[in-house]
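I opened a new model today and kept notes as I went. Here is what I looked up, entry by entry.

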Amino acid sequence: MTLLTDLAGALATGQVRVVDLTNTLRADFPVIVLPPEFGQCAPFRMEKVSRYDDNGPAWYWNNISMNEHTGTHFDAPAHWVTGKDLPANTVDAIPAQDLIAAAVVIDISAEAAANADFVVTRDFLEDWEAKNGAIPLRHWIALRTDWYKRVGTPEYLNLLEDGVHSPGPDASAVEFMVHDRDCVGLAVETVGTDAGQAFHFNPPLPAHSILHGNGRFGLQCLTNLDKLPTFGAMIVACPLKIEGGSGSPLRVVALIEGEAT
Amino acid sequence: MSEPLIPPKKKDPLLNTRAGHVPPALRSRAAKAMAARAGQGRFVLQACEDCAHVTYPPRDRCPKCWGALTWQDQPRGAVIEAETTIKASTDLFFRNHLPWRIGSARLDAGSMAIVHLHGDVNQGDRVRMEIKLDRGGNPALFALPEKETLNMADDPQLRVFTADPKYRRILVTDGRGPVGQAVAEALVKAGAKTVFLGNNDRLMRYPGQEQIEAMEGIEPVPLSIADSRSTEALAAQLGGRVDIVVNTAQHTRGGGVGFGGKLSDLQTGLDLEVSGLMRLAQAFAPAMSGRSDDGTNAAAAFVDVASIFGLSGKAGYAGAAAAAAARLSLIAGLRGEMAQTGIRVMSVLTGPIDDAWHQDIPPPKTAPVQIARAVVSALQQGQETICAGQVAKEIFGRWQADPLLTIREETQ
């Protein structure tokens, strides 16, 4: 148990710091908007049961409701039709061992600031690797866009008359992440792992389609990816164990190495 | 002519608020039957099935022959035979509103009645009679000038029986849709001082936003009645100065019960329309009730716009009709509660609204502007139930005549 004892010590001294990657679940946090002919994603709701009152004089608690994909959330492979027949494809069946993994952070914040529709391609990733080093195998690949800084403004969803405009990968990039770098999943600050306009890509919605079709996960609506190093962070992302669930809101944290205090 | 209402001054915080008493409330079942009809804007009196004698006040049997009485619509004309001014009263409500003019009216329908008088009505005048509901929801005969007079709606005695939007501060819950926008615009045109217009997602644009939010008298406010915290937060800001609440929230989605209905749509609709109505009532009703007789700045009414299919059900729109039914039930309950405090609770019943969510229903449909007109009219008349547009009127008429047949017609 030396490793964990060391980790406990590092956490106590601040040599390992915990970065919260989670947006607060609140009623006005935006959810994905689908065309009206489809069912919609329910936002977060909270009804008080009691707060030290006649319904419960010494206790405070609420009933909450939401979609599985509301707020900072986890996408299981069963979320997408391409992953529907995979084994262990729902949140309750995913092995717990897979819920903690290292992360590599790819910073596309400058490109995203210049172009909300910036598309990450295989060429872009290979170029990135040439400058930063190879994306390690079995990592979460986190796309830092600084999109979380837009939370609370219309520019977060960025829903214009021709649809949503937010950055994301194309099929070549996702194929590369999955098949060449064996990623655990794709972690993003935007509302979806796919680009806002990805419905119009060929093939459409490549991140959802390819990631989940190959048993990989998605993490969305993250914050603070700019607080993580390019290499060396460890992401802890444990969705609720919902029977047959396609995903779940969750508290995502990252462990990073810092200076001992 | 009546003295024109002047825009109310801001309240002197050192003055006590006048308690919202209601006139004597205990009534017979016959009087409640009269109230139910009066609430629809009808002028009805009881007529004897045997001797045709028309009688007032409401009774259980004919005072002439003991025959059975039925409610019948009657001619509205009358002549004021005598008038008097009440200068003292032991009743807590009238004590605060003295002097109060009443008179004896010889009704064209054939009987004499003690009636409340409009300020422009004098002894010997031909008048137009209405049955108004008082602040407690009970029926009262009110004599109006036969022809419109200057500032007629501003008469202080008449204003006690209405919830006229003039100079009032009004909350319209859903400004994102065409109904809420039409209602808000109509209320401003009817003289409302401010219309607080709810927006349940300030980060998301909506059609008509620029025009409606630029209109003088419209003040956009964040409000999602599907969210308790949002509703409570707005009530914390506005609860003490909203005079009228108009709930225009709708979530109409097609689908049946066993076939084609989506449970997620039903859940969303019930949460918005039914739980939302309760959230709204619990957030705003208590504060409004405390200021129901606070001079010209008094809180006056809670209006709910709901589908007429809440009475009958509707094939292909089962969930939406169920939400409307629950809404009508809640609003009836709220009416009973608010009657004790002097706040009017009104239902505006609509046919299928001419919007994107009723594309499958062939015309005629109900235009948002018709709903807006009905809201204003209900407030100006003090009417409890009003149908917006011909479709709702027609269905309401059929439902009154034969509820079970109408349910069958609308669902089969």
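**Barrel, chain B.** I am working with a predicted model. I traced the sheet first and found five strands of chain B closing into a barrel, in the order 4-5-6-8-7. The pairing in this barrel is mixed. From one strand to the next, I get an average twist of 45 degrees.

**One strand pair.** I then picked strand 7 (residues 126-133) and strand 8 (residues 139-145) of chain B. They run antiparallel and pair over seven bridges. I looked up Arg128(B): its bridge partner in strand 8 is Leu144(B).

**Helix 6, chain B.** Which residues of helix 6 (residues 228-238) of chain B are buried? I list Ser228(B), Thr231(B), Leu234(B), Ala235(B) and Leu238(B). Viewed down the helix axis, these buried residues fall within an arc of 135 degrees, so they line one face. In general, an α-helix has 3.6 residues a turn, so residues three or four places apart point the same way. On the face turned away from the buried side, I noted Ala236(B) and Gln237(B) as exposed.

I also checked what the buried residues of this helix pack against. Within chain B, I found strands 9 (169-172), 10 (194-199) and 11 (218-222), along with helix 7 (263-289). Chain A contributes strand 2 (45-53).

**Helix pair, chain A.** Last, I took helix 5 (residues 171-180) and helix 6 (residues 206-213) of chain A. Their axes come within 9 Å and cross at roughly 20 degrees. Angles under 35 degrees count as roughly parallel, and I therefore call helix 5 and helix 6 of chain A roughly parallel to each other. Their crossing is right-handed. From helix 5, Ala171(A), Val174(A), Glu175(A) and Val178(A) meet Pro206(A), Ala207(A), Ile210(A) and Leu211(A) of helix 6.

Conventions: Residues are numbered from 1 along each chain as its sequence is written. Chains are lettered from A and ligands numbered from 1 in the order in which they are written. This is a predicted model: local features need pLDDT of at least 70, side-chain atom pairs count only at pLDDT 80 or more; totals for chains, interfaces and linings use all residues. Two strands pair if DSSP finds at least two bridges between them. Helices (H or I, at least four residues) and strands (E, at least two) are DSSP runs, numbered from the N terminus. Axes are lines fitted to C-alpha atoms, for helices over the stretch in contact, and angles run from 0 to 180 degrees between N-to-C directions. A residue is buried if 20 or more other C-beta atoms lie within 10 Å of its own, exposed if 12 or fewer, and partly exposed in between; C-beta atoms are placed from the backbone. The arc is that of the directions from the helix axis to the C-beta atoms. Two residues are in contact if their C-beta atoms, placed from the backbone, lie within 7 Å. Angles under 35 degrees count as roughly parallel, over 145 as roughly antiparallel, 65 to 115 as roughly perpendicular and the rest as oblique. A crossing is left-handed if the near helix is turned anticlockwise from the far one by less than a right angle, and right-handed if clockwise.
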